[in-house]
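Visitor: I would like to go through this model term by term, and to hear in each case what the wording rests on.

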Amino acid sequence: MTTAQALALFPLRDIAATSLQELMQLCGQRLLAGERLLTLFGRPAPELGVNIIVVTAVLQPAQGALVILRATAQRGEHYRCLTAQHPAAQIFERELWEQTGLFPDDHPWLKPVRFEGERQQRMLEYPFFKVRGQEVHEVGVGPIHASVIEPGHFRFMCLGENVHHLEIQLGYQHRGVEGLLLRRPVWQLTPLVESICGDSAVAYAWGYCAALELMSNQPVAPAIQASRAIALEMERIAMHLATLGGMATDIAFLQGGATYGRLRTAIINASQRVCGNRFGRGWIRPGQAKPLSEALQQDLMQTLRAFAPDFTQINQLMLTARSVQARLHGTGTISQQAALDLGLTGPVARASGVALDHRTQLPGMAYGNTPLSMVTEPDGDCWARMRLRMREVDASLAWLLQLLGDTTLDLSQAGQAQSSIPAALQAEALCVSLVEGTRGPVLQVLETSAKGELRHYKVQDPSTANWFGLAFAMRDNAISDFPICNKSFDLSYCGNDL
């Protein structure tokens, strides 16, 4: 792991391709041993023959490097599903089935993820789960929502006001992101990558640039790594503030809604002064990042120091208000075991006591030189998710002030690329890039052909795994608790509907 995110390069000749059945058996064994399935995906492989599918699994052991498993299969081939024993695999196996036709036998929840290809016109056929009973009723919300919320349908099965089951149907946007990424020159993709999930532009851009730099053997200087990490933590603070403001508004705690919004404006305006965009677009490019002059460093530190006391004050108001406590304590609870079983990630997992954060577990250069402590909460309810975001903002704030005040690091040199760009990518290679974004690890996998051209680009937003967690959290809660639970997760529709 060579940079501030999990980053690994694998020559394809070093990866033994097995049968699909063998790959799933190996995955099952590693999951039983405590490893974590980061992704499982497939792609058509015309270079190997008609109807051949190449399947890739990426796993993360508790210690050590990432593990890659590969297999070849015939389109439509059946295999014994992982989900029956390892529920965290459910979303990956559903996507694999939808995109490649590989069929997971005995999968308990084999439903479309995005309605790709031929399924685009069949959304009305979605097989919603039914809860039967004389007094059970269904409440449908969406897919069209008020304001600027993106499309998604929520189907509540209720007895009175109590939710027995929530099913979330996404897949309305059909953006075709992965296909678009293969249609443009690989070194010119940053603006497109930044728009995959607009409120995580920095996380996506960093992961993409780091992958290209590794695949072209072009290391970047410590100042560039530090500038990118500063951008990522500014993005994290801004998005956590948006979530906290949304939670406050949903429970009519108007002091919180107004103050978190004001504080977020100060943070995103500071990012705009660095790169020209409030969402961090343009801060990171292959081989470089925005340089931070002495004046910009002082500007950021002044903004953060002015921010800190106001943030502490509004947090105390939120934490001590009885109305806030009454609405959030015990609402939307997910136990630690449930979070592990469902494969939840990011702040949602950490709020249930699951210690997963690539910034501390695979710190690389920027976070290795200036360590950042992991934050967890034990209770797994809306209160825990709120507290965790408050504490993560505090941790990011302290980290930023420490790094910006480091006189041994010349951040004004971050904009200088160390070598010419573009350059040739390593041929017949697979690169896995992980960046711990606001919602969890943003995963990007790039594969090159024998000519060094981009053959496949896999993108995975952390929301993909966490939407099922939101549905699970609503069980045995009042339907009126949904807005609070939804905002405490604060997931991305477009991150799922790639």
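Visitor: What is the bridge partner of Asn162 in S16?
Guide: In this predicted model, the bridge partner of Asn162 in S16 is Ala478. Residues are numbered from 1 along each chain as its sequence is written. Because the model is predicted, local features need pLDDT of at least 70 and side-chain atom pairs count only at pLDDT 80 or more, while totals for chains, interfaces and linings use all residues, and side-chain values use heavy atoms, with hydrogens and water left out.

Visitor: What makes strand S10 and S16 a pair?
Guide: Strands pair if DSSP finds at least two bridges between them, where a strand is a DSSP run of E with at least two residues, a helix is a run of H or I with at least four, and both are numbered from the N terminus. Two bridges join S10 (residues 162-169) to S16, so the requirement of at least two is met; the two strands run antiparallel.

Visitor: Why is one side of strand S8 and of strand S16 left without a neighbour in the sheet?
Guide: The open sheet has the order S8-S9-S10-S16, with antiparallel pairing. S8 (136-141) and S16 (477-478) stand at its edges with a single partner strand each, so one side of each has no neighbour in the sheet.

Visitor: Why are H6 and H8 called roughly parallel to each other?
Guide: Helix H6 (residues 222-250) and helix H8 (residues 294-320) pack at about 30°, with their axes 13 Å apart. Axes are lines fitted to C-alpha atoms, for helices over the stretch in contact, and angles run from 0 to 180 degrees between N-to-C directions. Angles under 35 degrees count as roughly parallel, over 145 as roughly antiparallel, 65 to 115 as roughly perpendicular and the rest as oblique, and H6 and H8 are therefore roughly parallel.

Visitor: Which residues of H6 and H8 meet?
Guide: With contact meaning heavy atoms within 4.5 Å, the residues of H6 that meet H8 include Ile230, Met234 and Ile237, and among their counterparts in H8 are Leu300, Phe307 and Met318.

Visitor: How confident is the predictor in the protein chain?
Guide: On the pLDDT scale, the predictor's confidence in each residue from 0 to 100, the chain has a mean of 93, and 98% of its residues reach 70 or more. Over residues 1-5, however, pLDDT stays under 50, and the model has 27 contacts beyond four places in sequence for them.
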